[in-house]
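This report looks at strand pairing and nonpolar packing in the structure shown below, which is a predicted model.

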Amino acid sequence: MGKKDRIIDVAIIGGGAAGMMAALAAKSAGGNIKVTVFEKMPRPGRKILVTGKGRCNLTNACGWEEFSTHIHPDAGLLRHPFEAFSPSDTISFFKKIGLECVTQRGRRVFPASMKAMDVVDALVRALKAKGVEIRCGCKAVGIVKDEDGTFTIRCANGQVAYSKTVIISTGGLSYPATGSEGDGYVFAEDFGHRITPCFPSLTALRPAGYNMSSRWLRGLHLINISMQLYVDGNMVQEETGELDFTDGGIEGALGFRVSRKAVQALRNGSAVKTRIDLKPALSDNQLQAKGNLPIEKLLPAAIARAFMATNKANIRHYGLNSSLKRWDFAIESHTGYERAVITAGGVPAKEISPKTMESKLVPGLFFAGEIIDLDGDTGGYNLQIAWATGNAAGKSAAERYAQK
């Protein structure tokens with residue numbers, strides 16, 4: 001059997017959220033074409049299993065104007081894929097493949113079962129029903145474009161495959177235990193793409209001296225608070241909501257929201273500080289009017305103990321009541337890719353066609369998901385990026401195949 005007898009129409013490197021969506025979109029758009037997913041892990045969708053604390057926050061049901069404010073560094077590349085496959089399309093898609101969804105506080109959408117495994121199982125069933133070939137345990141180690149315009153894909157297990165088009169959806173560097181090891185960046189660079197420097201985002205921020213202070217802080221859950229991020233003494237971000245102190249440091253919704261700018265600043269050698277306001281609804285004057293109440297009258301007992309033990313300088317300087325709005329933490333580091341939710345950086349938007357996700361440098365080569373320099377806040381935004389870019393890349397690859 002010769003090369004031309006074994007050729008694939010659309011080859012997808014990486015069987016995560018974006019890759020599986022790309023495969024389904026390609027089959028839907030291209031009819032009876034051969035679509036193959038190459039996945040290094042024993043089964044696809046490993047990273048999906050750890051999203052949303054195992055519940056899988058599928059998307060965020062808001063419109064583009066709001067959604068775009070949660071996308072970094074520039075939402076422009078995402079607009080066309082988002083409008084072609086919006087959060088409402090995501091919900092409809094999963095219902096069609098047998099997975100009911102529910103929308104919770106903050107318009108966060110989850111599977112009704114609250115089980116990420118059900119999301120993976122539904123996608124795998126849909127892939128098999130569509131006739132998509134899934135080659136698990138097949139790690140791509142090299143991709144080249146041949147003189148005849150086809151791609152040769154070489155795998156670590158010795159397999160060699162040929163394809164008319166290739167979609168790289170290998171993810172980033174976060175949660176490497178799920179298979180995200182940065183392979184796709186190497187492939188992209190081999191094809192001449194520049195990689196915007198990567199760093200962990202949606203990750204824990206570690207206060208200075210946390211080895212000692214964590215005995216007071218670890219396990220605390222703060223609600224209805226605000227937090228400010230300071231870089232070199234200047235406030236650069238303010239958020240309201242809730243946060244957690246964990247073994248890694250400051251996490252939860254607020255910690256994650258400010259982590260992107262905080263990590264960038266730390267990488268640039270800047271001084272980083274967070275300031276927690278435990279009473280955002282009250283002004284300094286209103287707090288002062290409460291008089292000299294004992295701390296237990298102002299805060300729950302566990303939070304009061306931690307606050308008194310770790311904010312002594314501000315309590316002395318501002319007084320107890322005013323310092324409730326000034327609980328400061330100098331940030332010295334952050335957790336790495338091993339527990340970061342997402343990777344910031346990747347293939348730059350200017351090197352990808354915004355309508356098709358096709359490389360502007362290599363015809364027939366497409367990108368989808370976390371490998372692109374496109375990341376979102378916590379709350380379902382990153383999976384929607386995966387669904388939308390995967391859908392765009394899959395349909396476009398099928399159309400590219402049709403032109404050949």
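## Strand pairing around S2

Strand S1 (residues 8-13) and strand S2 run parallel and are joined by 4 bridges, with Thr36 of S2 serving as the bridge partner of Ala11. Together with helix H1 (residues 17-30), S1 and S2 form a β-α-β unit that is right-handed.

S2 also runs parallel to strand S7 (residues 133-136), and 4 bridges join S2 to S7. In this pairing, the bridge partner of Val37 is Ile134 in S7.

## Burial of S2

Strand S2 (residues 35-39) is mostly covered, since 5 of its 5 residues are buried. In a regular strand the side chains alternate between the two faces of the sheet. Here both faces of S2 are covered, with Val35, Val37 and Glu39 buried on one side and Thr36 and Phe38 buried on the other.

## Nonpolar cores

In soluble globular proteins, nonpolar side chains tend to be buried together. The largest nonpolar core of this predicted model contains 81 residues, of which Phe94, Leu123, Ile153 and Trp387 touch the most other members. Helix H14 (residues 381-403) gives the most to this core, contributing 10 residues. Separate from it is a second core of 36 residues, and among its members are Met227, Leu229, Val258 and Trp327.

When residues up to four places away in sequence are not counted, the contacts of Ile153 include Ala11, Ile13 and Phe38, as well as Ala140, Gly142 and Ile143. Ile153 also touches Gln159, Val160, Ala161, Ser163 and Val166. Two of these partners recur in the strand pairing described above: Ala11 is bridged to Thr36, and Phe38 is one of the buried residues of S2.

How values were computed: Residues are numbered from 1 along each chain as its sequence is written. This is a predicted model: local features need pLDDT of at least 70, side-chain atom pairs count only at pLDDT 80 or more; totals for chains, interfaces and linings use all residues. Side-chain values use heavy atoms; hydrogens and water are left out. A nonpolar core is a set of buried Ala, Val, Leu, Ile, Met, Phe, Trp, Tyr and Cys residues joined through side-chain atoms within 4.5 Å. Buried means under 20% relative accessible area, exposed over 50%, partly exposed in between (1.4 Å probe, protein chains only). Helices (H or I, at least four residues) and strands (E, at least two) are DSSP runs, numbered from the N terminus. Contact means heavy atoms within 4.5 Å. Two strands pair if DSSP finds at least two bridges between them. A crossover is right-handed if, with the strands pointing away from the viewer, the path from the first strand over the helix to the second runs clockwise.
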